[in-house]
Amino acid sequence: MSNDSISQMWEDFKKVNPDAPENYEAWAFGDSKEMADELAELVLEGRKTATASNYSLYGDEEPLPFVGLHNIILDGDGKAVAVAETTSVEIVPFDEVTEEHAYLEGEGDRTLKYWRDVHEDFFKKEFKEVDQEFHSKIPVVCEKFKVVYKK
């Protein structure tokens, strides 16, 4: 992905963090403009400090996140809004995602029930696109991060 706001955000970040790595990932949360905007706003507010993704959909083109990875968070228009650094990555079965992780994701009422309902729907949609079935033991990538730069 290439756009001016991503390049500019990274240049600005590097000016105040000259020891930052050369590589970073740029991405938006979710699968819609609205979801990307909503979740990016939660990151900017400091309410969202974690995310979860479907382990099964990672591959050679999209490697797993790792501690120390720098991520440029995009809004629904693909505009860079913040730089976040991955602080923790854990792969757990869907039904073993913790209440703490659900809370750190910052969405809805921040309960594990809300997290499971929303993520089950989201993962079912992802699996449908690749002809796979959702089940409660699918591996989930639970990632924690901290915002290290925003404008």
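Thr86 sits in strand β4, which covers residues 80–93. Like everything else described here, this placement comes from a predicted model. Is Thr86 buried or exposed? Its relative accessibility is 0%, so Thr86 counts as buried, the cut-off for that label being under 20%. Even so, the side chain of Thr86 has polar company. One polar contact, of 3.1 Å, links it to the side chain of Asn71. Another, of 2.6 Å, runs from the side chain of Thr86 to that of Glu143.

Glu126 makes for another buried case. This residue belongs to helix α4. Glu126 is buried and yet has no salt bridge. How far away is the nearest side chain of opposite charge? That side chain is Lys125, and it lies 9.1 Å from Glu126. A salt bridge needs the nitrogen and the carboxyl oxygen to be within 4 Å, so a gap of 9.1 Å does not qualify. What Glu126 does have is a polar contact of 3.5 Å, made between its side chain and the side chain of Asn54.

Now for the charged pairs. Side chains of opposite charge can pair when their charged atoms come close. In this model there are 13 salt bridges. One of them joins Asp37 to Lys33, with 2.8 Å between the closest N and O atoms. These two residues are 4 apart in helix α2, so about one helical turn separates them. Asp37 has a relative accessibility of 27% and therefore counts as partly exposed. Lys33 is partly exposed too, because its relative accessible area is 38%.

A similar arrangement turns up in helix α4. There, Lys124 forms a salt bridge with Glu120, and the closest N and O atoms are 2.9 Å apart. Lys124 and Glu120 are again 4 residues apart, or about one turn of the helix. With a relative accessibility of 39%, Lys124 counts as partly exposed, and Glu120, at 26%, falls in that class as well. Elsewhere, salt bridges that share partners connect Asp12, Lys15 and Lys151 into one network.

Not every pair sits within one helix. Lys137 and Asp95 meet through their side chains in a salt bridge of 3.1 Å, N to O. Why does this pair tie together parts that are 42 residues apart in sequence? Lys137 lies in the loop between α4 and β5 (139–150), while Asp95 lies in the loop between β4 and α3 (99–105), so the bridge spans that stretch of sequence. Lys137 has 45% relative accessibility and so counts as partly exposed; Asp95, at 28%, is partly exposed as well.

That leaves the pockets. The largest pocket has a volume of about 950 Å³. Its lining is made up of 37 residues, and Trp27, Ala28, Ser53, Tyr58 and Glu62 are the ones nearest the centre. Which elements each supply at least two residues of this lining? They are β1 (25–28), α2 (33–45), β2 (50–54), β3 (70–74) and α4 (112–129). Helix α4 gives the largest share, with 6 residues. Sorted by class, the lining of the largest pocket contains 21 nonpolar, 7 polar and 9 charged residues.

Helix α4 thus comes up several times: it holds Glu126, it carries the pair Lys124 and Glu120, and it provides the largest share of the lining of the largest pocket.

Key
Residues are numbered from 1 along each chain as its sequence is written. This is a predicted model: local features need pLDDT of at least 70, side-chain atom pairs count only at pLDDT 80 or more; totals for chains, interfaces and linings use all residues. Side-chain values use heavy atoms; hydrogens and water are left out. On a 1 Å grid over the protein atoms alone, a cavity is a set of points where a 1.4 Å probe fits but cannot get out, and a pocket is an open set with protein on both sides within 12 Å along at least five of seven lines; lining residues have an atom within 4 Å of a point. Grid points are joined across faces, edges and corners, and a volume is the space filled by probe spheres set on the points. Ala, Val, Leu, Ile, Met, Phe, Trp, Tyr, Cys and Pro count as nonpolar, Asp, Glu, Lys and Arg as charged, and the others, Gly among them, as polar. Buried means under 20% relative accessible area, exposed over 50%, partly exposed in between (1.4 Å probe, protein chains only). Lys and Arg count as positive and Asp and Glu as negative; His and the chain ends are not counted. A polar contact is a pair of N or O atoms within 3.5 Å; within protein, one must be able to donate a hydrogen and the other to accept it, and residues adjacent in sequence count only if both atoms are side-chain atoms.
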